Amino acid sequence: HIVSVFLAEDTGTAVIGCLRIVMLTGFWILWNNLPAFLREQIIRRIPDTAAALTGLTILLYFVPAAREHLYQAGRMGGVFQYSNTYAVFLLVSFVILFYKEKPDKMEYSKAGILIAGIVYCGSRSVLVLTVTAILYLLISEWVIKKRWIWLLGTALIVCVCIQSVMELDLGRFGKMTLDSSTLNGRFLYWKDSLPVIAAYPLGLGYMGYYFLQPQFQTGSYVTRFVHNDILQMGLDAGILPMIALIVMIAGNVWKLSRISHKEAKRNRVMLIVLAVHCLFDFDLQFGVMSMIMLMCMDGWEENACKWSGKCAGAVCAGILAAGSYFSIALGTAHFGMNEVSLILYPYYTSAREVVMEAEEGGVHAELLIETNGMMAEAYEYAAKEHLEKGEYIEAYEDIQGMLKTAGYGIRYYNQGVYDLSICLDMAVRNEDYEGVKRILKEIRGIPELLDKLRERTSDLAYRINDKPVFDLDEGIKEYIENLSGISLT
């Protein structure tokens, strides 16, 4: 991640990704400097937190003001505001409860809430993973099989009763097919990402995949993450960190399999659950999930990563200070105070994008072109501003940038022709015949750009809900046809 900061097109955003890794490093230092018994107590508190949050989320469904934040598209997203990862969090919490010795009625109640939460999240991949994990746990832990079968049956009955009131979108469980748009979308993301990893072996930097996406994608989609944490590591930080992540996970699964006590068995199951699901989603983009994965790798070696108290304290204090500052800087943008966020961290691309859209261009579009250079919308606003000032040469250059970064955004091609027509008129009025030739060539070449886009489109692009569109507006096509008869010598 440190190397990718210097290579990334958007250095400001890459710094944020690097800081995320630094924060996890601080957590790992602190975790390994805790006594083993205290680390175990913290792990055992995870189900308590998950059950409390889920129970509260169920109750808040009946509060309309809160529902829109905790439920998305008829599915529970909880405090994560993302159903799939929240469901994995609940599944991991359930595994912790399952391995607890002599659980009481309260533990059974918590487990029931967790199972209900998994169902209400509506995640098909996590449902399959849950069924698989539970079957494995029941078979491997024969002694406690009967009481947990009773609990699971009760939990499902409770789910049915509550669902009759909440009416969430659970019908999607009946649509688990290999032809689903969601699954084919995953395949498309992965297919498109592999050549990018090969072309950028040192990584694109944090969020580089998202910004560069229109220039390499072979289908009409917009996704911030590739929905595979292994590939995401390769895209963000490069091939070597991606391999290191694979080795780290596989090595710890093997290490835990060689430790006989029950906590090691539990951690191994937790780690496998997290590792399997992160192949299909972006769980590790949530800090708490990355921390839980690190906690699963605990082998109870008292001297593992042990630092002196003063050294660990100094390093963690520095990390905490930087993390606190950036939490405020980025958090203000999350709550809509984007101008404040840019004062605290001027290189925060997401905040500047929102301000640019609110002000419809301005200096923010030019700054985004300078610091990012991969956003078609920034070029669009910049071109608009130059046209208003009569600067058709600068506008022409911005339109070229917009078309280069447009991807499957058909509106940018339509807008490009419209803006170029204004550039053409200005060039004619200024008797700039060389400029007229260049602009005419650019306008006539836009249908060809769309033809090339059609040729590179994958078959998978037609198996997802958002089908690609290659046809310009009728008025735009008619305008281009009228220009075909113009010849300049």
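Which helix is Ser181 found in? I started my notebook with that one, and Ser181 turns out to sit in helix H9, which covers residues 181–199. A reminder to myself before going on: this is a predicted model.

**Entry 1: around Ser181**

I looked up whether Ser181 is buried or exposed. Ser181 has a relative accessible area of 19%, and buried means under 20%, so Ser181 counts as buried. Next I asked for its contacts, leaving aside neighbours within four places in sequence, and found Arg463, Ile464 and Asn465. For Asn465 I also noted a polar detail: its backbone nitrogen lies 2.9 Å from a polar atom of the Ser181 side chain.

**Entry 2: the whole chain**

I then stepped back to the overall picture. The chain has 489 residues, and buried residues make up 52% of them. I counted its secondary structure as 23 helices and 2 strands. Taking contacts between residues at least 6 apart in sequence, I found that 67% join residues at least 24 apart. The accessible surface comes to about 23,700 Å², and carbon and sulfur atoms account for 63% of it.

**Entry 3: helix H11**

I picked helix H11, residues 229–237, for a closer look. Of its 9 residues, 8 are buried, so the helix is largely enclosed by the rest of the structure. I listed the buried ones: Asp229, Ile230, Leu231, Gln232, Gly234, Leu235, Asp236 and Ala237. What covers these residues? The cover includes H1, H9, helix H10 (208–212) and helix H12 (239–257). My Ser181 helix, H9, is thus one of the elements over H11.

I checked both ends too. At the start of H11, a side-chain oxygen of Asn228 comes to within 3.0 Å of the backbone nitrogen of Ile230. Just after H11, Gly238 takes a positive phi of about 115°.

**Entry 4: helix H1 and a nonpolar patch**

H1 came up as cover for H11, and I looked at Leu7, which is placed in H1 (residues 2–7). Leu7 is partly exposed, with a relative accessible area of 47%. On the surface, Leu7 joins Ile2, Val3, Phe6 and Leu202 in a nonpolar patch of about 550 Å².

**Entry 5: cysteines**

How many disulfides does the structure hold? I found 0. I looked up two cysteines while I was there: Cys121 is buried, with a relative accessible area of 0%, and Cys278 is buried with a value of 0% as well.

Definitions and conventions: Residues numbered from 1 in each chain as written. Predicted model: local features only at pLDDT ≥ 70, side-chain atom pairs only at ≥ 80, totals over all residues. Heavy atoms only, no water. Disulfide = S-S within 2.5 Å. Buried < 20%, exposed > 50% of the residue type's maximum accessible area, 1.4 Å probe, protein only. Helix = DSSP H or I, 4+ residues; strand = E, 2+ residues; numbered from the N terminus. Polar contact = N/O pair within 3.5 Å; in protein donor to acceptor, adjacent residues only side chain to side chain. Contact = heavy atoms within 4.5 Å. Patch = residues over 30% accessible without salt bridge, like charges linked within 9 Å, V, L, I, M, F, W, Y side chains within 5 Å. Areas by Shrake-Rupley, 256 points an atom, 1.4 Å probe, with all protein chains shown as cover. Salt bridge = Lys/Arg side-chain N within 4 Å of Asp/Glu carboxyl O.
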